[in-house]
Amino acid sequence: MSSFEEAETEETVTCLHLTFYHPGQQEKLMFRCLNFGKREQVRAEDTATFGRDSGTCRYSLVDTRVSRVQFSLQFYRKLHTSEYGFEIKNLSKRTRLTVNQTELGYLNKIDLPWRSVICFGDYQVLAEIQEGEAMDYFETHLHLAEAPILQEKCLPSLQPVPEKEISPSFFLSQGESPTEMDEN
């Protein structure tokens, strides 16, 4: 038997990819304590906490508008299955947290969908769960977004649309301006 055949099967690890965005991230450097681009192992029984208190939170945001402890993510195994998931809990008394537009008040918690957008204040965090089999730990992989995760909804143009679909440039190319005519 070769050493390849005797080697233990490598189990995959559940990885929580978190992509952060804040409109002032270039000037205010609120993410300077986060380790972007590198996977980090977290023991299954540990809670991944986010907030401004670096002594309490595993992931620290350098911003006075962020609560000492903003929210937590807890890894768990779903009942009667071999699947794992995350539970998100709002730990801020003053700031509401939304997960895919579901608002969580203080101490409210829900299951984190496999792909979701977490918002609090001006912060946007895209959370994506990559499933794995390991039970003893999970990994986090932090990313920094260059553009907003949620784009502002564009309002439709308030310019009138001509009934016969004639563009204003047609009239300008004719050297005349459009004139309004009476129906009679």
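Mentor: Accessible areas here come from the Shrake-Rupley method with a 1.4 Å probe. The model is predicted.

Trainee: How much area does the protein chain expose?

Mentor: Start with the make-up of that surface: carbon and sulfur atoms supply 50% of it. The total exposed by the protein chain is about 12,900 Å².

Trainee: What share of the residues in the protein chain is buried?

Mentor: Buried means under 20% relative accessible area. The chain has 184 residues. Of these, the buried share is 35%.

Trainee: How many strands does the protein chain have?

Mentor: There are three helices in the chain. The strand count is twelve.

Trainee: In what order do the strands of the five-strand sheet run?

Mentor: This sheet is open, and its pairing is mixed. β4 (59–60) and β9 stand at its edges, each with a single partner strand, so one side of each lacks a neighbour in the sheet. The order is β4-β3-β5-β6-β9.

Trainee: Which residue of β6 stands opposite Leu73?

Mentor: Look at β5 (residues 71–77) and β6, which pair in the antiparallel sense over seven bridges. In that pairing, Arg77 stands opposite Tyr84 of β6. The residue of β6 facing Leu73 is Ile88.

Trainee: Which residue in the hairpin of β5 and β6 takes a positive phi?

Mentor: Six residues lie between the two strands of this hairpin. The positive phi is near 65°. It belongs to His80.

Trainee: Which residue of β9 is the bridge partner of Lys89?

Mentor: β6 (residues 84–90) is mostly covered, with five of its seven residues buried. β6 also pairs with β9 (residues 109–111), in the antiparallel sense, over three bridges. There, the partner of Lys89 is Lys109.

Trainee: Which strands stand at the edges of the seven-strand sheet?

Mentor: This open sheet runs β2-β12-β1-β11-β10-β7-β8, with mixed pairing. Two of its strands each have a single partner strand, so one side of each is left without a neighbour in the sheet. Those edge strands are β2 (39–43) and β8 (102–104).

Trainee: What is the average twist from one strand to the next in that sheet?

Mentor: Follow the strand order from β2 to β8. From one strand to the next, the twist averages 25°.

Trainee: Which residue of β12 stands opposite Arg43?

Mentor: β2 and β12 (residues 137–144) pair in the antiparallel sense. They do so over five bridges. Opposite Arg43 stands Tyr137.

Trainee: Which strand gives the most residues to the largest nonpolar core?

Mentor: That core has 31 residues. Those with the most contacts inside it include Leu73, Ile88 and Leu112. Strands that each supply at least two of its residues include β1 (15–21), β5, β6 and β10 (115–120). The top contributor, with four residues, is β11.

Trainee: Which residues of those between 84 and 90 does Leu112 touch?

Mentor: Leave out residues up to four places away in sequence. Leu112 then touches Leu16, Leu73, Val99, Ile118, Ala127 and Ile129, among others. Its partners in β6 are Phe86, Glu87 and Ile88.

Trainee: How many contacts beyond four places in sequence does the model have for residues 153–161?

Mentor: The chain averages a pLDDT of 84, and 77% of the residues score at least 70. Over residues 153–161, pLDDT stays under 50. Where pLDDT is low, the predicted coordinates should not be read in detail. For this stretch, the number of such contacts is zero.

Note on methods. Residues numbered from 1 in each chain as written. Predicted model: local features only at pLDDT ≥ 70, side-chain atom pairs only at ≥ 80, totals over all residues. Heavy atoms only, no water. Buried < 20%, exposed > 50% of the residue type's maximum accessible area, 1.4 Å probe, protein only. Pairing = 2+ DSSP bridges. pLDDT = per-residue confidence, 0-100. Contact = heavy atoms within 4.5 Å. Axes fitted to C-alpha atoms, helices over the stretch in contact; angles between N-to-C directions. Core = buried A, V, L, I, M, F, W, Y, C linked by side-chain atoms within 4.5 Å.
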